Amino acid sequence: MSANDYSAYAVPVRARVLDPRRYHASFGRSVRSQLRKLTVLRSFWAVVISMIVIYLLITGTAASAQRSITGDSMRVLDAAALTTGVSFVIIFSIVQGTLAVTNEYSSNTMRTTALSDPNRYRSYFAKLTAVGIAAGLANFVMILLSAIIYMSIVGASWDFDNGNGRALIVFWLVLTTGAIMSTSLGYALRSTAGTITVIFLGLFVAPVIQIISSAWVQNTMINYLPLIALQASVRTTLVDTLGVFHLSWSTALVTWPGYVVVLGALGLFRYTRSDV
């Protein structure tokens with residue numbers, strides 16, 4: 001049989017490229033695509049590297065100060081040495097999550113994203129999953145390196161009992177969900193400045209409502225604000241003895257994801273109901 005005879009059975013190149021059996025949208029492929037888009041952004045790596053370097057410097061400085069005070073008498077470390085800075089380091093998670101979506105709107109690539117996967121629900125949750133994976137890995141590296149540096153400088157070991165292990169896990173969890181939450185709000189507002197401003201107002205300005213002369217506001221409502229719930233969720237047994245928080249860590253751990261779910265629903269509604 002000649003080459004011309006075989007050519008009759010050949011599949012056209014264009015048909016192979018566009019074959020829907022080979023190239024169809026799926027959740028896994030959407031997540032992989034979102035991860036690739038996220039990790040090629042210079043802004044993403046700038047925020048991640050800045051977060052790790054700055055927090056390591058803070059951790060090293062705090063450890064040196066503790067070593068100068070306690071000398072070699074410190075044998076066991078409390079996780080509060082790392083988790084106390086949660087209200088600061090979450091700023092980097094917020095910026096990571098916000099840029100992951102608002103960069104697409106500002107560069108006008110969101111339309112391409114929507115066309116590549118016509119299922120808006122799948123595309124939305126693929127983005128949140130990709131942000132969760134990327135932010136989760138960055139947060140894990142930061143916490144691990146911070147723990148090693150603190151332990152090395154102070155010359156003591158970590159105590160994972162007395163709520164310390166739980167506090168470190170929750171510390172990682174709230175930072176990661178903070179990135180996911182800001183991504184959701186980014187879908188709703190579609191503006192980098194607007195998203196970061198709204199989250200900052202909710203986190204750092206909302207507690208001023210305690211000036212309201214109402215017993216319910218000052219004794220009850222204030223404890224469920226995002227910043228208070230964030231700080232209360234990562235506290236250890238040692239911090240509990242100080243009586244700083246009136247909200248239990250378990251209640252705070254439920255309260256914080258509640259904000260994440262509400263903003264997630266808001267972002268999903270806007271993304272699925274509006275033109276990109």
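**Exercise 1: the pocket**

Work out which helix gives the most to the lining of the largest pocket, and what kinds of residues line that pocket.

*Solution.*
Step 1. Go through the lining helix by helix: α3 comes out on top, with seven residues. Keep in mind that you're looking at a predicted model.
Step 2. See who else helps. Along with α3, helix α7 (110-116) supplies at least two residues of this lining.
Step 3. Now get the volume of the largest pocket, which is about 270 Å³. There are 14 lining residues, and R29, S30, S33, S116 and D117 are the closest to the pocket's centre.
Step 4. Sort the lining by type. You should get eight polar residues, five charged ones and one nonpolar one.

**Exercise 2: the cavity**

Say how many cavities of 30 Å³ or more the structure holds, then describe the lining of the largest cavity.

*Solution.*
Step 1. Count first: there is one cavity of 30 Å³ or more.
Step 2. Look up the volume. For the largest cavity, this is about 40 Å³.
Step 3. List the lining residues: L38, L41, S43, F44, V47, V95, Q96, L99 and A100.
Step 4. Match them to helices. The elements giving two or more residues here are α4 (42-70) and α6. Helix α6 gives the most, with four residues.
Step 5. Sort by type again. This time you get seven nonpolar residues, two polar and no charged.

**Exercise 3: the salt bridges**

Find how many salt bridges the whole structure has, and explain which parts of the chain they tie together.

*Solution.*
Step 1. Start with the idea behind the search: side chains of opposite charge can pair when their charged atoms come close.
Step 2. Searching everything turns up two salt bridges.
Step 3. Take the pair K37 and E104, whose closest N and O atoms are 3.2 Å apart. That fits the cut-off of 4 Å for a salt bridge. K37 sits in helix α3 (residues 27-39) and E104 in helix α6 (residues 86-106), so this pair links parts that are 67 residues apart in sequence.
Step 4. Now take E104 with K127, where the closest N and O atoms are 2.5 Å apart. E104 belongs to α6 and K127 to α8, so here the parts tied together are 23 residues apart in sequence.
Step 5. Put the pairs together: K37, E104 and K127 are linked in a network of salt bridges.

**Exercise 4: buried or exposed?**

Decide whether K37, E104 and K127 are buried, partly exposed or exposed.

*Solution.*
Step 1. You need the cut-offs: buried is under 20% relative accessible area, exposed is over 50%, and partly exposed is in between.
Step 2. K37 has 29% relative accessibility, so call this residue partly exposed.
Step 3. E104 has a relative accessible area of 6%, so E104 is buried.
Step 4. K127 has 4%, so K127 is buried.

**Exercise 5: the nonpolar patch**

Track down the residues of the nonpolar surface patch and say which helix supplies the largest share.

*Solution.*
Step 1. Pick out the members: F140, V141, L144, L145, I148, W172 and L173. Together they make a patch of about 560 Å².
Step 2. Place them on helices. Both α8 (120-154) and α9 (164-189) supply at least two patch residues; F140, for example, is found in α8.
Step 3. Compare the shares: α8 has the largest, with five residues.

Key. Residues are numbered from 1 along each chain as its sequence is written. This is a predicted model: local features need pLDDT of at least 70, side-chain atom pairs count only at pLDDT 80 or more; totals for chains, interfaces and linings use all residues. Side-chain values use heavy atoms; hydrogens and water are left out. Patches are made of residues with over 30% relative accessible area and no salt bridge: like charges are joined within 9 Å, nonpolar side chains (Val, Leu, Ile, Met, Phe, Trp, Tyr) within 5 Å. Accessible areas come from the Shrake-Rupley method with a 1.4 Å probe; for residues, only the protein chains shown count as cover. A salt bridge is a side-chain nitrogen of Lys or Arg within 4 Å of a carboxyl oxygen of Asp or Glu. Buried means under 20% relative accessible area, exposed over 50%, partly exposed in between (1.4 Å probe, protein chains only). On a 1 Å grid over the protein atoms alone, a cavity is a set of points where a 1.4 Å probe fits but cannot get out, and a pocket is an open set with protein on both sides within 12 Å along at least five of seven lines; lining residues have an atom within 4 Å of a point. Grid points are joined across faces, edges and corners, and a volume is the space filled by probe spheres set on the points. Ala, Val, Leu, Ile, Met, Phe, Trp, Tyr, Cys and Pro count as nonpolar, Asp, Glu, Lys and Arg as charged, and the others, Gly among them, as polar.
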